[in-house]
Amino acid sequence: MRAGFPDFRLGKVLATSFTGTLSERYGDSVERIPTPGRLVDWLAVYGLAVDACTTAQLDLARELREAIHAAATAAAIKDALPASAVQVINDFSVRGRAAAILTPEGERRWRLGADSRVEDALSVIAADAISIIAGERDGKLALCASPTCQAAFFDASQSRTRRWCDMNTCGNRQKKARFNANQRKNPRSAE
């Protein structure tokens with residue numbers, strides 16, 4: 001990983017983890033893929049290694065990220081999917097050259113060819129977005145309860161009642177704020 005950049009917020013679902021590369025969308029936003037090299041790093045973490053990325057390809061990645069975020073947000077609140085976002089996701093899905101492979105552990109992974117480009121990796125992310133937005137997986141799309149975040153995330157918990165995109169950041173921040181507010185209301189309880 002490259003030093004000097006914000007940490008990635010890694011999740012188990014590729015598409016929503018990708019939308020998390022821009023966090024705190026309604027506060028002081030944090031861009032986690034600010035450079036082409038940083039996108040290369042993020043893709044490698046998810047097994048979609050590419051050799052290089054141009055500024056134009058980074059712009060394409062951000063376009064896809066925002067389309068997935070818009071469509072996932074609409075799906076989470078059970079609103080109509082934005083036609084422009086659907087078009088972007090579909091366009092990216094058909095562009096790439098990637099193959100689904102089966103691991104010895106019985107899991108599906110994506111394999112890019114030796115000469116793969118960023119567009120090939122983005123097609124995998126778009127295909128993943130299609131599967132979660134279409135409801136093909138066991139779980140549901142939800143929005144983070146943090147008013148400054150509101151990231152779309154995929155809730156695969158047994159009860160489907162998860163409130164935070166990431167308990168270590170948004171959830172912890174909200175719980176800390178609630179604790180501090182209670183301490184101000186009841187200063188004697190801290191003694």
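This is a chat about the fold, the cores and the helix packing of a predicted model.

Biologist: Hi! What does the secondary structure come to?
Modeller: Hello! The protein has six helices and six strands. Starting at the N terminus, their order is α-β-β-α-α-α-β-β-α-β-β-α. Keep in mind that the model is predicted.

Biologist: Sure. How many of the residues count as buried?
Modeller: Of 191 residues, 40% are buried.

Biologist: And what share of the contacts join residues at least 24 apart?
Modeller: That share is 56%, taken among contacts between residues at least 6 apart in sequence.

Biologist: Let's go inside. Which residues have the most contacts in the largest nonpolar core?
Modeller: Those are F18, L39, L64 and I125, in a core of 38 residues. Two or more residues come from each of α1 (14-19), α2 (36-45), α3 (55-76), α4 (83-95), α5 (118-133) and β6 (152-155).

Biologist: Which of those elements gives the most?
Modeller: α5 does, with nine residues in this core. That helix is mostly covered, too, as 14 of its 16 residues are buried.

Biologist: You mentioned L39. What does L39 touch further along the sequence?
Modeller: Setting aside residues up to four places away, L39 touches F18, I33, C53, Q57, L58, A61 and V118. F18 is another of the residues with the most contacts inside the core.

Biologist: What else is there in the way of cores?
Modeller: There is a second, separate core of eight residues, and A142, A151, W164 and C165 are among them.

Biologist: Back to the helices. How does the span of α3 compare with what its 22 residues should give?
Modeller: It agrees: at 1.5 Å a residue α3 should span 32 Å, and its end C-alpha atoms are 31 Å apart. After α3 comes K78, which has a positive phi, near 60°.

Biologist: And what about the span of α5?
Modeller: That agrees as well, because 16 residues at 1.5 Å a residue should span 22 Å and the end C-alpha atoms of α5 are 22 Å apart. Just after α5, G135 has a positive phi of about 80°.

Biologist: Now packing. At what angle do α4 and α5 cross?
Modeller: Roughly 130°, with the axes coming within 7 Å. Angles over 115 but not over 145 degrees fall outside the parallel, antiparallel and perpendicular ranges, so α4 and α5 are oblique to each other. The crossing is left-handed.

Biologist: Which residues make that contact?
Modeller: From α4, they are I89, N90, F92, S93 and R95. From α5, they are D120, L122, S123, A126, A127, I130 and I133.

Biologist: How do α3 and α4 cross?
Modeller: Their axes come within 8 Å and cross at roughly 130°, which makes α3 oblique to α4. That crossing is left-handed. On α3 the contact uses L60, E63, L64, A67, I68, A70 and A71, while α4 brings A85, V88, I89, F92 and R95.

Biologist: Why might residues three or four places apart turn up together on a helix?
Modeller: An α-helix has 3.6 residues a turn, so residues three or four places apart point the same way.

Biologist: Last topic: where is A145 found?
Modeller: A145 is in the loop between β5 (140-143) and β6.

Biologist: Buried or partly exposed?
Modeller: Partly exposed, because its relative accessibility is 32%.

Biologist: And which residues is A145 in contact with?
Modeller: Apart from neighbours within four places in sequence, A145 contacts R163 and W164. A145 and R163 are 18 residues apart in sequence, yet 5.5 Å apart in space from C-alpha to C-alpha. W164 also belongs to the second core.

Terms used. Residues numbered from 1 in each chain as written. Predicted model: local features only at pLDDT ≥ 70, side-chain atom pairs only at ≥ 80, totals over all residues. Heavy atoms only, no water. Core = buried A, V, L, I, M, F, W, Y, C linked by side-chain atoms within 4.5 Å. Buried < 20%, exposed > 50% of the residue type's maximum accessible area, 1.4 Å probe, protein only. Helix = DSSP H or I, 4+ residues; strand = E, 2+ residues; numbered from the N terminus. Contact = heavy atoms within 4.5 Å. Expected span 1.5 Å × (residues − 1). Axes fitted to C-alpha atoms, helices over the stretch in contact; angles between N-to-C directions. Parallel < 35°, antiparallel > 145°, perpendicular 65-115°, else oblique. Left-handed = near helix turned anticlockwise from the far one by under 90°.
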